[in-house]
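Q: Please take one part of this model and go through it closely, then follow the chain to the parts that can be described with similar care. Give the cut-off behind each term as it comes up.

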Amino acid sequence: MSRTAQSMVVRLPIYFLELDGQRLDQQSRICNWLYNHLLEKSLELKNKYIEMQDPEIARVLYTERGLRNLVPGLKKDHLFLKTVHSSPLKNSALRLSAAIKAHQQSRKKLRKGKKAGWPRFRSWKRSWFSLLFDEPGKGFRLEGQNLTISLGSGLDRKERKVTGVLQSSSPLKGKEIRNFRLVKQLEQFFAVFTVHVILPEQKEIKRLIALDPNHKNLAYGVDTENESVEIAAPSWLKKLDQRIDEIASKRDRCKRQSQKVHLESNKGDTVDKYYWKPSRRWAKLDELLEKLRRKRREQTKTFLYTVSQKLFKRYDLVAIGDYTPDGSGLSTKMRRAMNNQSLIARFKHTLSWVAQKSGKTFCEFDEKGTTRTCHQCAFTWPDGLCPSIRTWTCPSCQTEHIRDENSAQNGLQRVLRDLKLENLVPGSGPVSVMKRWAWCALPRGVQVLPQGQSSDSFTAPRNLNEDMIVFDQNRLSNFA
Ligand SMILES: [Zn+2]
């Protein structure tokens, strides 16, 4: 098997001295100006093209590098452009060309998804224009935790630089940096790197587990070592979701379009372009909402990585059912079901990624009928099993079943059969579960508890205050 490379994105908080931060703001502002300036020019060109059908105009307006090629000329007329490094400057133009192309393709129905309109003027105050350095090592240099960014050379042709400190550089260790983007959100700078990772060769499969994803827990698994594992769902997520809903509804009761703000032209006079400014309360709640959503994303990410790493530490193959629970049923439960659905989708994504990085295997199996079928004698309930039934006795062979365990058993048998791995279990019959475990992912790692022999014995450990389960973001660096 050959080694393959995979690209991934690493996003790290970065800190600058106040003055350097202001200089970077200025860089971003100039890129934003260039974008708007080229957009104004593009509008003129578009109208001219409609009139004259000049292919030369089309070449500027509708090719990937058409607008970018105008930048050197603009530098002569607008000397302040020289104070920005050529990479982010060039990328402002490329970004606009890409937006125009998206609009063209959307108009011709060549593009899927949301309709892309003609690009709009950007307000720097509303969103910080990111600085993209798309060539490795050009315009940025990383030494330990220090990241040095080159600014333009200016009129005196002296090189100018600023240096920031990354919160951590370990997620970048052993990876090849392809490009770097500086962004600023809610007054915090982030360094976003696209990196290449060389993946290890795949290891032989000796131990495997089949997981049944579901509502009650994150997943229930049965392995080839005669053990079962119930992985607890993240209970803290429910509280965070409630808080997010609460803030969102508060925000939506405030005025979003409260004040009309006119944009200024580069000469400083008001032009006929404007945007709506939300009320202060709306903006404040919106900021809080964004912070909570980010917290949710980060905490679920850590949770899923913790569980996935624990699984691949123990198993060479992790298989999971392909069925995703749908949101049918009561509408009040709908949202929760959908949240759970996306959690399972993200879980699969994380499992696949951790498997690739550790040279192990991840796969999905066809889950159809695994719940309603007895894994011992293949007896099938014709109308399925009501979700409230957690344990049942097979009317045909009298085997007592724990609902989720039986599903996972069926999954395991399917995986062993499909991948021709039956030799992993003696006798090639169903695995009999001798030990049951409950896993609870905590910030310190996964807590493993012995589980009673019956299904209803599972409760989250009592001594844990659910509010206290907050994942430490720094631990993420160990995962990347
Ligand atoms: Zn049976």
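The zinc site and other local details

A: C374 counts as buried because its relative accessibility is 1% (buried is under 20% relative accessible area, exposed over 50%, partly exposed in between, with a 1.4 Å probe and protein chains only). The model is predicted, so local features need pLDDT of at least 70 and side-chain atom pairs count only at pLDDT 80 or more, while totals for chains, interfaces and linings use all residues. Residues are numbered from 1 along each chain as its sequence is written, and side-chain values use heavy atoms, with hydrogens and water left out.

C374 binds through SG as one of the protein donors of the zinc ion; the others are C377, C394 and C397, also through SG, and they lie 2.2 to 2.3 Å from the ion (donors are N, O and S atoms within 2.8 Å of the metal, or 3.2 Å for Na, K and Ca; water is not among the atoms, so sites may look incomplete). The angles among the four donor atoms are 106 to 111°, and the site is tetrahedral (four donors with all angles between 85 and 135 degrees). The ideal angle for four tetrahedral donors is 109.5 degrees. Along the chain the donors of the zinc ion are spaced as C-x2-C-x16-C-x2-C. Distant parts of the chain are linked in this way: C374 is in the loop between β14 (361–365) and β15 (391–393), and C397, 23 residues apart from it, is in the loop between β15 and β16 (400–402) (strands are DSSP runs of E, at least two residues, and helices of H or I, at least four, numbered from the N terminus). C397 counts as partly exposed because its relative accessibility is 30%.

Elsewhere, S87 lies in helix α4 (residues 86–107). S87 is buried, with a relative accessible area of 1%. Leaving out residues up to four places away in sequence, S87 touches L132, F133, D134 and K138 (contact means heavy atoms within 4.5 Å).

F133 in turn stands opposite F180 in β6. Strand β2 (residues 131–133) and strand β6 (residues 176–185) pair in the antiparallel sense over three bridges (strands pair if DSSP finds at least two bridges between them). β6 also pairs with strand β7 (residues 188–198), again antiparallel, over nine bridges. K184 has F189 in β7 as its bridge partner. Two residues separate the strands in the hairpin of β6 and β7, where L186 takes a positive phi near 50°.

Technical notes. Four donors count as tetrahedral if all angles lie between 85 and 135 degrees; four count as square planar and six as octahedral if opposite donors are over 155 degrees apart and all others between 65 and 115; anything else is irregular.
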